[in-house]
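Here is a short set of exercises to work through with the model open on your screen. Try each task before you read its solution.

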Amino acid sequence: MAAMDQRAPSLRFASRVEGLAGEATSVWDVHIAAVSARAAGKDVIVMSVGDPDFATPEPIVDSAIAALRAGDTHYTGIHGRAALRKAIAEASMRAGGPEVGPENVIVTAGAQNALFSAAMCLLSPGDEVVVLDPMYVTYEAALQASGAKIVRVACDPGTGFRPDLAALKKAVTPRSRAIFYANPNNPTGTVFTRDELRGIADVAKSHDLWVVSDEVYADLTFGAEHHAIAGLPAMAGRTVTIGSVSKSYAMTGWRCGWMVAPQDLVEHVHNLALCMNYGLPGFIQEAARHAIVESAEAVAEMRAIYRRRRDLVLAGLKPAATLKPMPPEAGMFFVVDIRDTGMSAATFSSELFRQKGVSVLDAEAFGAATKGFVRISFAAADAELEEGCRRICAFVAENT
Ligand SMILES: Cc1ncc(COP(=O)(O)O)c(C=O)c1O
């Protein structure tokens, strides 16, 4: 029998597949190697992914189990359940968003799926999409899959990776259709001020652009206040706000996110979801609704834990004088300026893993703005983070 691993050489793939394999996809190599080494029982510390080490809070899990036991195993509506959409709309208004109802919400398979859906429904081949760099690694492929050209606007490390509004204005051309960014940012943890958001909003309004604001870390801020750009004057009709339960409630594996947007965009995304996912599991939606409506305390606890861990990593890296960590205002990551070690970030991350069994990411995968930086996640347990920092410091001492 012929094996399936070889494609008939005469067959071709769609040109789209090139965009899907963005340069950034190789960044996960160290992470994937670390996860498989850990699974094989090796002494490895994974500081390369934003997947909280704690379990999803029990009451949330219980609500999914109860739904399953009650037979909630059938197809569901494509938009997502009314009660969940209502909960998301209300949470969005509490977070400073504009007046919205369930009709402005569509539930997606994580924020990632919402981002991809936004790209598919807003961007066409030949369009330009302006992104703030550094940007979360999966944006590259999601945006390129639309056929649009990515135009990056670097946020300068010297300013703490604040958005550069003058550069943003300059990057806009008649082909620009949208501005995409994450606020809070991954990997830097920067939270945009209200004035910065006003500046972005002004650019969007004066050039008639969509704004896609990825706010998956909005609940995990450490002091800095998060503002919703959709709530600024005249922004409701041009803003797509993306969120998910992944980070705030330690629910990454549940794959539940959403988009809050003008209703006609919601309907286009519905059509895309109809042919792509055909709805999300009902028991997952029940758990997500429980999380959003009844788990404010759990979020507060997690925020406090992340803040403590951020400080723990900061303190743990102090002995390595050539490392310059940039304390984040939100989220579960640091970027660390490693240029004084004399190594490239690619060498730093691959050698750190080879010599000490600690995985961090070369942050250049997030864009040129973070060239010479690595991204360290503090979504691991305290003891692991402490040991990880000890090994990083030893690695720096032995290699510089
Ligand atoms: C900025 C940002 N957006 C979106 C996502 C995807 O989140 P989700 O698990 O909801 O798909 C992540 C995950 O790390 C992220 O960091």
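**Exercise 1. Two strands side by side**

Which residue in β6 does Phe180 stand opposite? Then work out how β5 and β6 pair, and how covered β6 is.

*Solution.* Keep in mind that this is a predicted model.
- Step 1: Across from Phe180 you find Val212, a residue of β6.
- Step 2: Over five bridges, β5 and β6 pair in the parallel sense.
- Step 3: Check the cover on β6: four of its five residues are buried, so the strand is mostly covered.

**Exercise 2. The whole sheet**

Write down the strand order of the sheet, and find the strands that stand at its edges.

*Solution.*
- Step 1: The open sheet is formed by seven strands, and their order is β2-β8-β7-β6-β5-β3-β4, with mixed pairing.
- Step 2: At the edges stand β2 (105–108) and β4 (149–154); each has a single partner strand, so one side of each is left without a neighbour in the sheet.
- Step 3: From one strand to the next, the twist averages 20 degrees.
- Step 4: Now look at β4 and its parallel partner β3 (residues 128–133), joined to it by six bridges. Among the residues of β3, follow Leu132, whose bridge partner in β4 is Val153.

**Exercise 3. A helix on the sheet**

Which strands does α8 touch? Then take Glu196 from this helix and decide: buried or exposed?

*Solution.*
- Step 1: Helix α8 packs on the sheet and touches β3, β5 (176–182) and β6 (210–214). The directions of α8 and β5 make an angle of about 165 degrees.
- Step 2: Glu196 sits in this helix, which covers residues 194–206.
- Step 3: The relative accessibility of Glu196 is 12%, and buried means under 20%, so Glu196 counts as buried.
- Step 4: Setting aside neighbours within four places in sequence, Glu196 is in contact with Arg162, Pro163, Leu165 and Val191. With Arg162 there is also a polar contact, side chain to side chain, at 2.8 Å.

**Exercise 4. The ligand**

How many residues surround the ligand, and which are the closest?

*Solution.*
- Step 1: The ligand is surrounded by 13 residues, of which Asn186, Asp214, Tyr217, Ser244 and Ser246 are the closest.
- Step 2: Look for N or O atoms in side chains. Asp214 has one 2.5 Å from a ligand nitrogen, Ser246 has one 2.7 Å from a ligand oxygen, and Arg255 has one 2.8 Å from a ligand oxygen.
- Step 3: Finish with the area: the ligand taken alone exposes 400 Å², and the protein buries 94% of that.

Notes
Residues are numbered from 1 along each chain as its sequence is written. This is a predicted model: local features need pLDDT of at least 70, side-chain atom pairs count only at pLDDT 80 or more; totals for chains, interfaces and linings use all residues. Side-chain values use heavy atoms; hydrogens and water are left out. Buried means under 20% relative accessible area, exposed over 50%, partly exposed in between (1.4 Å probe, protein chains only). A polar contact is a pair of N or O atoms within 3.5 Å; within protein, one must be able to donate a hydrogen and the other to accept it, and residues adjacent in sequence count only if both atoms are side-chain atoms. Contact means heavy atoms within 4.5 Å. Two strands pair if DSSP finds at least two bridges between them. Axes are lines fitted to C-alpha atoms, for helices over the stretch in contact, and angles run from 0 to 180 degrees between N-to-C directions. A residue is near a molecule or strand if one of its heavy atoms lies within 4 Å of it. Accessible areas come from the Shrake-Rupley method with a 1.4 Å probe; for residues, only the protein chains shown count as cover.
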